[in-house]
Amino acid sequence: MRPSGQFKTSYRADMRLFDTPASRGFCIAGLLLLAAAPLLAGDYLLNLLIQIGYLGIAALGLNILVGFSGQISLGQSAFFGFGAFASAWLNNELGVPVALSIPLAGLWTTAAGLLFGVPAARVKGLYLAIATLASQFILQDFFARAEWFSGGSHGAQAQPFSLFGFAFDSDRSYFYIVLLWLMLAVTAAANLMRSRDGRALVALRDHYLGAEMMGVNLTKYRILAFGIAAFYAGIGGALYGHYLGYVSAEGFTILHSVQFLGMIIIGGLASVMGSLLGAAFMVLLPEFMGALVSGLAALPGGAPPWLAAGLPYLREMAIGLAIVLFLIFEPDGLAHRWRRIRAWWKLYPFSY
Amino acid sequence: MNTGLLLQLVINGVIVGTLYGVVAMCFVLIYKASQIVNFAQGEFLLIGAWVCWWLLSGLQLPFAAAFLLTLLFMGIFGVLLQVVVLRPMIGEPIISVIMVTIGLSIFFQAAAKWLFGVFVQPFPPIFQTASVSLLGMQVQSIYLLGMAIALLVMIAFACFFKMSRTGLAMRATAFDQQVAQSLGISVKRMFAISWAISAMVSAVAGVVVGVVNGVSAELSFFGIKVFPAVILGGLDSIVGAVLGGLIVGVLENLAEFADGQWLHIGGLFNIAPFYVLVLILMIRPYGLFGTEDIERV
């Protein structure tokens with residue numbers, strides 16, 4: 001239940017992660033439900049949930065960069081791929097156990113992110129967006145070229161996650177690994193925004209001149225935001241790599257980067273939960289289109305054959321269209337819609 | 001050193017660079033007029049080329065008629081796009097505007113693949129002689145024609161902005177929207193016109209490239225290649241865009257030459273402009289001719 005006004009009397013109460021006991025309760029209940037998902041859900045649903053998990057982690061990182069600190073990045077997918085390759089490489093070449101290679105890959109990707117974030121020290125807005133576009137293409141080129149790192153055009157094998165001799169090689173067991181990392185990622189992001197550094201990032205977005213006068217080191221925080229985003233992308237990518245067992249350089253294109261941006265825009269900029277909602281939307285949309293087309297085909301008249309043949313393109317078109325429509329009609333995303341529903345519920349039956 | 005090859009590549013670079021320049025010019029036109037970074041510029045080329053291709057090989061129209069119809073279609077398309085999609089975005093933050101054009105670009109790219117397939121479709125032959133020799137080099141005649149068209153377009157642009165009333169109104173809008181509006185200029189109309197012109201001229205470039213290389217989804221990569229060009233020239237300078245396009249075109253081919261002769265990396269020419277892009281952003285973020293933003297507290 002939510003309070004009907006502001007009753008907080010101390011900063012401590014205002015800064016709490018969960019503003020009411022009920023919201024904490026719901027969160028714990030949701031987690032328990034998720035933890036029970038492998039027992040309840042089928043393989044198909046579990047696969048979707050795992051996808052939402054690792055994509056959600058990367059989207060959350062991008063949201064810290066774009067939503068919270070106001071810098072546009074068109075290269076998240078390249079860092080996602082970097083994490084996947086880095087973790088596979090650490091595991092294959094140096095023999096680092098997968099459990100350890102995932103966070104190490106995250107750190108390695110952070111280093112790459114900091115490097116490619118350096119232009120942010122000088123340029124912002126549009127110019128920065130174009131600079132990150134360049135980093136996307138440069139990294140993509142690197143993946144295709146660097147045989148030692150990514151296996152070039154053959155791609156890289158990634159071993160399944162294992163701990164103390166137990167291999168997490170089924171969807172059912174791997175789900176818990178993704179869930180654990182997602183929990184860590186969400187907690188870290190939510191807490192970052194309560195910290196001094198998080199406030200500096202937000203100040204940077206809202207009024208960078210003011211922030212600079214307040215003593216926020218703009219260069220440091222701009223580049224730091226890139227590092228954080230890259231860390232999340234690296235973790236997400238590493239989880240993706242060890243889930244599929246095979247990483248190919250072809251997947252990490254500009255289109256994929258745009259999908260990450262689409263996730264946070266559809267989910268809601270500067271919202272932790274929005275990133276996850278957006279990731280879920282982006283994963284479910286193609287599935288929905290597939291179901292729609294096969295549903296139409298099952299109708300008595302049947303769907304014309306060009307409809308089924310165009311399914312991959314229909315999926316892409318749906319993604320493009322969803323981004324455009326959300327920006328025009330619901331620029332604040334699903335998170336805002338959720339807040340509206342909550343407000344409606346709180347005020348029911350007197351809507352004002 | 002293979003001088004002949006080098007010369008051939010430089011000529012190629014100038015010709016392709018002119019086309020880059022034209023597309024960059026269209027990009028800058030939209031940016032100057034309506035402050036929108038158009039990530040769907042490449043799709044203008046793609047759609048223009050496909051429409052022209054369809055009119056030629058689908059409806060068997062003569063080239064001149066097909067070309068004019070394509071221009072007409074693209075003009076209407078540009079206006080519609082601006083009115084329906086971009087007009088609601090006025091005043092939104094920059095990321096929203098960028099994302100809308102990216103969304104459009106994904107949409108049209110997928111739609112084009114769906115409607116016309118993923119394979120390269122050659123244009124029906126338009127000229128009797130496929131190539132002419134110039135300074136001992138073989139140059140495809142359509143490229144020469146393309147370059148001529150591109151130069152014509154540039155001259156037309158210059159005349160339009162210097163001499164016509166609409167051109168003057170557009171410059172005024174680009175300079176200061178509020179002042180322009182208070183002087184009785186319809187800013188909305190100027191936005192629509194700039195999108196129409198941009199779409200039409202991009203389609204010309206699309207048709208030229210399509211005639212040479214065949215039409216395929218690859219065409220939309222022009223829209224990405226434009227970014228190094230405009231950043232080099234300065235985002236809000238039309239002259240800069242043309243020069244930037246030329247430089248990027250030549251640079252690409254020089255990278256190809258260096259790659260083939262000494263480095264043997266392979267595929268360097270596609271990625272070289274982006275390294276240059278990062279470098280320029282670090283040294284001169286506002287480009288060669290762009291306006292430098294000076295911030296005072």
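Me: Where does B:Gln60 lie in chain B?

Reply: In this predicted model, B:Gln60 sits in the loop that joins helix 2 (41-58) to helix 3 (63-86) of chain B.

Me: How should the backbone and the surroundings of B:Gln60 be read, and is B:Gln60 buried or exposed?

Reply: One reads the backbone angle and the accessibility together. The phi of B:Gln60 is near 60°, a positive value in a residue other than glycine. B:Gln60 has a relative accessible area of 61% and is therefore exposed, since exposed means over 50%.

Me: Which loop of chain A holds A:Ala270, and what is its phi?

Reply: A:Ala270 is found between helix 13 (254-267) and helix 14 (272-298) of chain A. A:Ala270 is not a glycine, yet its phi is positive, at about 55°. Its relative accessibility is 30%, so A:Ala270 counts as partly exposed.

Me: What is the secondary structure content of chain B, and in which order do its elements follow?

Reply: The idea is to count the elements and then to read them along the sequence. Chain B has eleven helices and two strands. Their pattern along the sequence is α-α-α-α-β-β-α-α-α-α-α-α-α.

Me: How does the radius of gyration of chain B stand against that of a compact globule?

Reply: The value is set against the one expected for the chain length. A compact globule of 297 residues would have a radius of gyration near 19 Å, and chain B has 19 Å, which agrees. Along the principal axes, the C-alpha trace of chain B spans about 60 × 50 × 35 Å.

Me: What does the same reading give for chain A, and how many helices and strands does chain A have?

Reply: Chain A has 17 helices and four strands. Its radius of gyration is 21 Å, close to the 20 Å that the globule rule gives for 352 residues, so chain A is as compact as a globular protein of that length. The C-alpha atoms of chain A fill a box of roughly 60 × 60 × 45 Å along the principal axes.

Me: What share of each chain is buried, and what share of the contacts joins residues distant in sequence?

Reply: Each share is read chain by chain. In chain A, 51% of the 352 residues count as buried. Of the contacts in chain A with a separation of 6 or more, 76% are between residues 24 or more positions apart. In chain B, 53% of the 297 residues count as buried. Among the contacts in chain B between residues at least 6 apart, 74% join residues at least 24 apart.

Me: What area does each chain expose, and how far apart are the centres of its charges?

Reply: Chain A exposes about 16,500 Å², with 67% supplied by carbon and sulfur atoms. The mean positions of its 21 positive and 16 negative charges are 15 Å apart. Chain B exposes about 13,200 Å², with 68% from carbon and sulfur atoms. Chain B has 11 positive and 11 negative side chains, and the centres of these two sets lie 14 Å apart.

Me: Which residues touch the most other members of the largest nonpolar core?

Reply: Such a core is read through its best-connected members. In this core of 190 residues, they are A:Ile64, A:Tyr174, A:Leu239, B:Met99 and B:Leu104. Helix 4 (residues 43-68) of chain A gives the most to the core, with 15 residues. A second, separate core of 17 residues includes B:Cys26, B:Val153, B:Met154 and B:Met170.

Me: What does A:Tyr174 touch beyond residues up to four places away in sequence?

Reply: Its partners are A:Ile50, A:Phe161, A:Phe168, A:Ala238, A:Leu239, A:His242 and A:Tyr243.

Me: Is A:Leu327 buried or exposed, and which residues are in contact with it?

Reply: A:Leu327 lies in helix 16 (residues 311-329) of chain A. Its relative accessible area is 2%, so A:Leu327 is buried. Apart from neighbours within four places in sequence, A:Leu327 is in contact with A:Ile265, B:Met89, B:Ser96, B:Met99 and B:Val100.

Me: Where does B:Leu277 lie, and what are its contacts?

Reply: B:Leu277 belongs to helix 11 (residues 268-283) of chain B. At 0% relative accessibility, B:Leu277 counts as buried. Neighbours within four places aside, the contacts of B:Leu277 are A:Ile130, A:Ala134, B:Phe227, B:Pro228 and B:Ile231.

Note on methods. Residues are numbered from 1 along each chain as its sequence is written. Chains are lettered from A and ligands numbered from 1 in the order in which they are written. This is a predicted model: local features need pLDDT of at least 70, side-chain atom pairs count only at pLDDT 80 or more; totals for chains, interfaces and linings use all residues. Side-chain values use heavy atoms; hydrogens and water are left out. The radius of gyration is taken over C-alpha atoms; the globule rule is 2.2 Å times the number of residues to the power 0.38. Buried means under 20% relative accessible area, exposed over 50%, partly exposed in between (1.4 Å probe, protein chains only). Contact means heavy atoms within 4.5 Å. Accessible areas come from the Shrake-Rupley method with a 1.4 Å probe; for residues, only the protein chains shown count as cover. Lys and Arg count as positive and Asp and Glu as negative; His and the chain ends are not counted. The place of a charge is taken as NZ of Lys, CZ of Arg, CG of Asp or CD of Glu. A nonpolar core is a set of buried Ala, Val, Leu, Ile, Met, Phe, Trp, Tyr and Cys residues joined through side-chain atoms within 4.5 Å.
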